[in-house]
Amino acid sequence: VVSFTTLLALVFCYKFYATQLVVMKSRNLLPQTATLLGSGLRWPFIFELLCLAVHVFPGIDDISDDPSLYLWMNLFMFGRLFLMLRVVRYHSPLLSSNGRFIGALTN
């Protein structure tokens, strides 16, 4: 059972890496015939898909009395927070040219 938000995250992850592939092709960093799984983006893409695909399904706590499975699934879901760091890094106004200029000003 995969929730709608997990499915949406998987789709946007694919779109992000497909766009990265197009950019790399347009800069002639990759041949025009390169594919996503045939390029250097393969392992980061697969790792991120696996992190996003982990989903705690309803009723997981009823499977066994040992809470370790439930805890591990929740830990993997909280591991998705590393993706937020990428969003903050790429969309932060402090990393733009104006932000770097303001940061370079000293008294």
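Which helix supplies the largest share of the lining of the largest pocket? In this predicted model, the answer is helix 4, with six residues. Helix 4 spans residues 81–91. It is joined in the lining by helix 1 (4–26) and helix 2 (42–53), and each of these three helices gives at least two residues. The lining comprises 13 residues in total. F12, E48, L83, R86 and V87 lie nearest the centre of the pocket. The space within the largest pocket is about 350 Å³. Nonpolar residues account for nine members of the lining. Three others are charged, and one is polar.

The packing of the helices was examined next, starting with helix 2 and helix 4. Their axes come within 10 Å. The crossing angle is roughly 125°. An angle of this kind falls outside the ranges for roughly parallel, roughly perpendicular and roughly antiparallel, and helix 2 and helix 4 are therefore oblique to each other. On the helix 2 side, the contact is made by F47, E48, C51 and L52. On the helix 4 side, F82, L83 and R86 take part. Five residues of this contact are nonpolar and two are charged. No polar residue is present in the contact of helix 2 with helix 4. E48, L83 and R86 thus recur, as these residues are also among those nearest the centre of the largest pocket.

Helix 1 and helix 2 present another arrangement. The axes of these two helices come within 9 Å and cross at roughly 170°. Angles over 145 degrees count as roughly antiparallel, which makes helix 1 roughly antiparallel to helix 2. T6, A9, L10, C13, Y14 and Y17 form the helix 1 side of the contact. P44, F45, E48, L49, L52 and A53 form the helix 2 side. By class, 10 of the residues in this contact are nonpolar, one is polar and one is charged. E48 and L52 of helix 2 meet helix 1, and both residues also meet helix 4.

L10 illustrates the contact from the side of helix 1. Beyond its neighbours within four places in sequence, L10 touches L49, L52 and A53. L10 and A53 are 43 residues apart along the chain. Their C-alpha atoms are nevertheless separated by 7.1 Å.

Aromatic rings were then considered. The whole structure contains three aromatic pairs. One of them is formed by Y17 and F45. The ring centres are 5.5 Å apart, and the planes meet at 70°. This geometry is edge-to-face. Y17 belongs to helix 1 and F45 to helix 2, so the pair ties together parts that are 28 residues apart in sequence. Y17 and F45 are also listed in the contact of helix 1 with helix 2.

Technical notes. Residues numbered from 1 in each chain as written. Predicted model: local features only at pLDDT ≥ 70, side-chain atom pairs only at ≥ 80, totals over all residues. Heavy atoms only, no water. 1 Å grid on protein atoms, 1.4 Å probe; cavity = no way out; pocket = protein on both sides within 12 Å on 5 of 7 lines; lining within 4 Å. Points joined across faces, edges and corners; volume = space filled by probe spheres on them. Helix = DSSP H or I, 4+ residues; strand = E, 2+ residues; numbered from the N terminus. Nonpolar A, V, L, I, M, F, W, Y, C, P; charged D, E, K, R; others polar. Axes fitted to C-alpha atoms, helices over the stretch in contact; angles between N-to-C directions. Parallel < 35°, antiparallel > 145°, perpendicular 65-115°, else oblique. Contact = heavy atoms within 4.5 Å. Phe/Tyr/Trp six-rings, centres within 6.5 Å; stacked < 30°, edge-to-face > 60°.
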